[in-house]
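Here are a few friendly notes to read alongside the model. Keep the structure open and find each residue as you go.

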Amino acid sequence: MALHKVLGTETEYGIVVRGDPAYNPAVASTLVVNSYPGARVKLQWSFEEESPGRDARGYSHDGYGSPDPESAVVNSVLANGARLYVDHAHPEYSAPETYEPLEAALYDKAGEWVMRKAAATASEVSGRHVSLYKNNSDGKGNSYGAHENYLLSRETPFGDVIRFATTFMVTRQIFTGAGKIGRENDRPEVDYQITQRADFFEEEVGLETTLKRPIINTRDEPHGDPSQYRRFHVIIGDANLSEVQIFLKVGTTALMLAALEDGALPDPLDLFDPVESCWQVSHDLTMKHPLDLDGGGTATALELQWRYHEWLAKYAERELDDPVWKDLLDEWERTLNLLETDPMKLADTLDWVAKKRLLDGYRERDGLAWTDSKLRALALQYHDVDAEKGLYYRLANRGAIRRLFTDEEIERATVEPPTRTRAYFRGRCVTEYPGSLVAANWDSLVFDVGEATLKRVPMMEPLKGDAARVGRLIDESEDAATLIERLGG
Amino acid sequence: MSDRERAQSRKREESESTEETEARTESEADLEALDDLLDEIDEVLEENAEEFVKNYVQKGGE
């Protein structure tokens with residue numbers, strides 16, 4: 001039985017200061033992160049355990065990814081266990097570790113609420129108007145990421161991940177895209193495409209994340225016991241606003257990885273050229289583009305996704321009890337069926353379709369060409385996290401987008417951590433002992449309890465530190481010193 | 001054509017025409033909803049689209 005798929009997302013938001021095109025985005029992002037008014041602790045993010053230069057293929061790159069001193073000071077851990085910080089001149093929200101895909105979608109959405117409040121407060125205190133966008137491209141050749149993370153066993157050979165996951169990642173784009181007008185990065189001309197990110201992928205496998213982006217990223221940084229775990233760091237995905245779509249994206253991927261680890265994927269379905277297929281899938285709104293297969297012959301992305309659906313439905317029925325997987329498989333089946341018969345009917349669940357419906361409406365009503373600035377402005381505004389300005393929220397509030405969560409549930413997820421992973425311990429400590437927390441990392445917390453040395457609490461097990469194990473301990477510890485003492489240290 | 005066949009054929013025609021009407025009503029309702037939506041969005045659209053798009057420039061990230 002595969003290792004439980006603990007999972008979570010990280011999103012870099014686009015940032016604009018109105019009326020000041022010359023603004024410094026790193027400074028503006030710092031302002032946003034520092035302005036967040038919700039429960040959190042600003043602290044030092046301890047980098048000693050991080051190793052973004054370690055490659056899953058077994059070697060290390062010296063001097064890679066050392067933290068930028070300017071962004072290293074702007075770090076905070078939120079009461080929900082998330083990390084809010086500045087990365088590459090963007091404000092970034094890294095969601096807490098979650099137990100299953102529906103919860104992962106909820107905590108991804110909580111990030112929008114956090115960013116909305118941070119932007120509103122930043123605007124208030126600075127007297128400027130700061131807007132944030134949950135998207136991945138500026139339409140001018142610059143892309144910024146939405147990443148996903150899945151816990152894998154160290155015993156899983158990374159070669160198997162490369163071999164079996166590549167085609168899935170390329171073809172899932174038909175239901176993971178957030179939609180984009182035009183092309184970037186010298187790909188062929190197109191009016192509108194399914195994803196924001198596909199044009200930027202240039203390698204099949206690699207360590208890079210900011211240039212020559214690979215379909216399979218090999219960063220070997222488990223954020224847990226390295227002798228037991230890997231973390232599969234997925235960089236080929238769009239940031240989504242649709243709750244159903246986030247659920248589908250992370251749920252199908254977690255399920256595929258569990259099946260991969262259990263040897264339940266009978267065929268790697270190798271593509272002849274995954275990098276070419278990547279943008280071809282994104283550029284094809286008809287769902288009919290034949291992708292060349294490595295063994296000869298062709299198949300469409302949709303046909304390949306049906307193969308995965310068939311295998312994973314059988315796998316889930318055999319191996320998984322949680323009803324969330326049945327819901328996921330039903331939603332996936334509905335999505336593939338409609339992509340086959342009438343993709344526009346998915347305007348209630350997929351960002352790329354919802355946005356296209358809006359753009360088609362304007363094109364028809366106002367006779368606009370795809371290159372018109374008004375359409376490009378609309379396409380950007382779909383992603384604005386402001387509830388009044390953001391067109392996604394306008395659609396959702398009219399009932400044109402199907403929701404999985406209420407606003408109240410999302411609001412609560414900004415201050416309460418998930419209960420079944422170590423994020424619970426992190427989040428509760430932020431709420432209960434904010435004055436004693438001095439440093440944090442995904443796999444440790446460091447406390448100052450007034451003694452000569454700082455106390456470090458390691459959290460090398462992603463499923464420990466959950467409510468069942470430490471809930472009562474925290475309830476009964478009135479301060480951090482008591483907590484540390486009871487933890488035995 | 002027997003009476004029964006005629007009746008069946010008429011019934012089929014009727015049901016086809018009902019389906020057509022339903023389909024038309026559904027797509028008309030959809031169009032109306034879309035018109036409403038566009039009217040609502042007109043109110044919040046960026047005022048100077050060209051300027052807004054021009055100034056939306058981001059640093060590359062991960």
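1. Let's start on chain B, where B:E32 sits in helix 1, which spans residues 3–42. This is a predicted model, so please read every value here as computed from it. Is B:E32 buried or exposed? Its relative accessible area is 57%, and exposed means over 50%, so B:E32 counts as exposed. B:E32 also has company: together with B:E28, B:D35 and B:D36 it makes up a negative surface patch. When you look at the numbering, keep a handy rule in mind: an α-helix has 3.6 residues a turn, so residues three or four places apart point the same way.

2. Now step back to chain B as a whole. How many helices and strands does it have? The count is 2 helices and 0 strands. Of its 62 residues, 24% count as buried. The area that chain B exposes is about 4800 Å², and 43% of that area is supplied by carbon and sulfur atoms.

3. Next, some aromatic rings in chain A. Over all chains, the structure holds 12 aromatic pairs. In one of them, the ring centres of A:W113 and A:Y393 are 6.2 Å apart and the planes meet at 80°, so this pair is edge-to-face. A:W113 belongs to helix 3 (residues 101–126) of chain A and A:Y393 to helix 12 (residues 391–397) of chain A, so the pair ties together parts that lie 280 residues apart in sequence. Both A:W113 and A:Y393 are buried.

4. A second pair to look at is A:Y382 with A:Y392, also edge-to-face, with 6.1 Å from centre to centre and 75° between the planes. Here A:Y382 is in the loop between helix 11 (373–381) and helix 12 of chain A, while A:Y392 is in helix 12 of chain A, 10 residues apart. A:Y382 and A:Y392 are both buried. Now put the two pairs together: A:W113, A:Y382, A:Y392 and A:Y393 form one aromatic cluster.

5. Helix 7 of chain A, residues 274–283, deserves a look for how covered it is. How many of its 10 residues are buried? The number is 9, so the helix is mostly covered, given that buried means under 20% relative accessible area. Among the buried residues are A:P274, A:C278, A:W279 and A:H283.

6. Two backbone angles are worth checking. As background, most residues other than glycine have a negative phi. A:A89 has a phi near 65°, a positive value in a residue that is not glycine. You will find A:A89 in the loop between strand 6 (83–87) and strand 7 (90–94) of chain A. With a relative accessible area of 12%, A:A89 is buried. A:K212 also has a positive phi, of about 40°, although it is not a glycine. A:K212 lies in the loop between strand 12 (201–206) and strand 13 (213–217) of chain A, and at 47% relative accessibility it counts as partly exposed.

7. Here is a contact that the numbering alone would not show you. A:D191 sits in the loop between strand 10 (180–181) and strand 11 (192–193) of chain A, and at 46% relative accessibility it is partly exposed. How far apart are the C-alpha atoms of A:D191 and A:A369? They are separated by 9.3 Å, with the two positions 178 residues apart along the chain.

8. Finally, the charges. Side chains of opposite charge can pair when their charged atoms come close. The count is 47 salt bridges over all chains. A:E221 takes part in one with A:R219, where the closest N and O atoms are 4.0 Å apart; both A:E221 and A:R219 are buried. A:E221 also forms a salt bridge with A:R231, at 2.9 Å between the closest N and O atoms. A:E221 lies in the loop between strand 13 and strand 14 (229–234) of chain A and A:R231 in strand 14 of chain A, so this pair ties together parts 10 residues apart in sequence. The relative accessible area of A:E221 is 3%, and A:R231, at 10%, counts as buried.

9. One more salt bridge joins the side chains of A:K345 and A:D342, at 3.4 Å from N to O. A:K345 is partly exposed at 47%, and A:D342 is partly exposed at 29%. As for shared partners, salt bridges join A:E10, A:R219, A:E221, A:R231 and B:E62 into one network.

How values were computed. Residues are numbered from 1 along each chain as its sequence is written. Chains are lettered from A and ligands numbered from 1 in the order in which they are written. This is a predicted model: local features need pLDDT of at least 70, side-chain atom pairs count only at pLDDT 80 or more; totals for chains, interfaces and linings use all residues. Side-chain values use heavy atoms; hydrogens and water are left out. Patches are made of residues with over 30% relative accessible area and no salt bridge: like charges are joined within 9 Å, nonpolar side chains (Val, Leu, Ile, Met, Phe, Trp, Tyr) within 5 Å. Accessible areas come from the Shrake-Rupley method with a 1.4 Å probe; for residues, only the protein chains shown count as cover. Lys and Arg count as positive and Asp and Glu as negative; His and the chain ends are not counted. The place of a charge is taken as NZ of Lys, CZ of Arg, CG of Asp or CD of Glu. Helices (H or I, at least four residues) and strands (E, at least two) are DSSP runs, numbered from the N terminus. Buried means under 20% relative accessible area, exposed over 50%, partly exposed in between (1.4 Å probe, protein chains only). Rings of Phe, Tyr and Trp (its six-membered ring) pair if their centres lie within 6.5 Å; planes under 30 degrees apart count as stacked, over 60 as edge-to-face and the rest as tilted.
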